[in-house]
Amino acid sequence: MSANVETMFYTRVTPWHDLGTRVEEAPGSKEALALAGLDWKVVQKPIVTEDGLPVNGFKANIRDRDSQVLGVVTNRYKVVQNEDAFAFTDKLLGEGVTYETAGSLQDGRRTWILAKLPQRYIISGDEITPYLVFMNSHDGTGAIKAAMTPVRVVCQNTLNLALSTAKRSWSTNHTGDIKGKLEDARNTLLYADRYMGELGKAIDRLQQVRLSDQKVYEYINALFPLMDGITEQQKKNLLRLKEEVKTRYFDAPDLQHVGKNGYRFVNAVSDFATHTKPLRARSNYRESLFARTVDGNALIDRAYQMLWAA
């Protein structure tokens, strides 16, 4: 398990972010809370100096289980407890939701939930399963975030494309009317069918974008441009990355049935972005990769936008 992952579980098959402890069956929210090691609460306590003077306007967020200080926040900060996050996800997704993974990072300062929606979609012959990612922080440095993340089942590639026609993500800070904000998120993300429907239209259009091999090379060069003044080692690294994308486009077994078109190219870039180990792998690179499932992956979106403009 990665150094920054404190506690976590995953269900049966290692997920695309390759983190966690395996369990056999996808649990409901109560069991998932315990399996993920998230069955603790955040309590807020006043801050005082060493000589007993109060620090006005600030509080410490403290984990009740072990008195771990998670962060210092202003008096305006509203805590969203881990169990509240699961309750929100239960309410949002309704009957049939199962939790594929959940856990905490950085000694409890950040937490997440990944829930598998009960619907299955067949889009252009591919089975695509939508997930909901809910991310929270207890240290005052991050927003509350939730997002739809479609995953192509056969290869575990994420297809969370930034569509102008349908929203897939929501975020807010820890102040004000938290319950009202969560209700707003519920209203935004209830429309999974809308996003998946628009995703299907986008994929159909991508399949109509025929690509010659030369055009594929041009797109890959545009994704990884050779800038002026780079070193020989940087040039070698870029060439290696380009070759990896080419291999995924031309040789990936799961894409052999797909014509040479835009959908194949987006999947190749997604496979690269989702699964390739970086040239210099930091201890938290998998957590960073997983975090981008909410905000979206810039490389995949650039590939999609290039093809959309074609």
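About 50 Å³ of space lies in the second largest cavity of this predicted model, and the count of cavities of 30 Å³ or more comes to two. The protein has nine helices and twelve strands, and 49% of its 310 residues count as buried. Among contacts between residues at least 6 apart in sequence, 61% join residues at least 24 apart.

**The second largest cavity**

- The lining of the second largest cavity is made up of Leu-38, Asn-82, Ala-85, Phe-86, Thr-111, Trp-112, Ile-113, Phe-134 and Asn-136.
- At least two residues of this lining come from each of three elements, namely helix 2 (82–93), strand 7 (110–116) and strand 9 (126–137).
- In character, the lining of the second largest cavity divides into six nonpolar and three polar residues, with no charged residue in the set.

**The largest nonpolar core**

- The largest nonpolar core holds 40 residues, of which Leu-161, Leu-211, Phe-224, Phe-265, Val-269 and Leu-307 touch the most other members.
- Two or more residues of this core are given by each of strand 8 (121–123), helix 4 (192–207), helix 5 (213–223), helix 6 (232–251), helix 7 (262–275) and helix 9 (298–308).
- Helix 7 gives the most to this core, and its share is seven residues.
- For Leu-161, once neighbours within four places in sequence are left aside, the residues in contact are Arg-168, Tyr-195, Leu-199, Val-266, Ile-300, Asp-301 and Tyr-304.
- Given the ranges of the elements, these partners of Leu-161 include Tyr-195 and Leu-199 from helix 4, Val-266 from helix 7, and Ile-300, Asp-301 and Tyr-304 from helix 9.

**A second core**

- Separate from the largest core is a second one of 28 residues, with Val-42, Ala-146, Leu-182 and Ala-185 among them.
- Val-42, one of the members of this second core, also lies in strand 3, which spans residues 42–48.

**The hairpin of strands 3 and 4**

- Strand 3 (residues 42–48) pairs with strand 4 (residues 54–63) in the antiparallel sense, and the pairing runs over six bridges.
- Within this pairing, Pro-46 stands opposite Lys-59 in strand 4.
- Five residues lie between strand 3 and strand 4 in the hairpin that they form, and Gly-52 in the turn has a positive phi of about 90 degrees.

Definitions and conventions: Residues numbered from 1 in each chain as written. Predicted model: local features only at pLDDT ≥ 70, side-chain atom pairs only at ≥ 80, totals over all residues. Heavy atoms only, no water. Core = buried A, V, L, I, M, F, W, Y, C linked by side-chain atoms within 4.5 Å. Buried < 20%, exposed > 50% of the residue type's maximum accessible area, 1.4 Å probe, protein only. Helix = DSSP H or I, 4+ residues; strand = E, 2+ residues; numbered from the N terminus. Contact = heavy atoms within 4.5 Å. 1 Å grid on protein atoms, 1.4 Å probe; cavity = no way out; pocket = protein on both sides within 12 Å on 5 of 7 lines; lining within 4 Å. Points joined across faces, edges and corners; volume = space filled by probe spheres on them. Nonpolar A, V, L, I, M, F, W, Y, C, P; charged D, E, K, R; others polar. Pairing = 2+ DSSP bridges.
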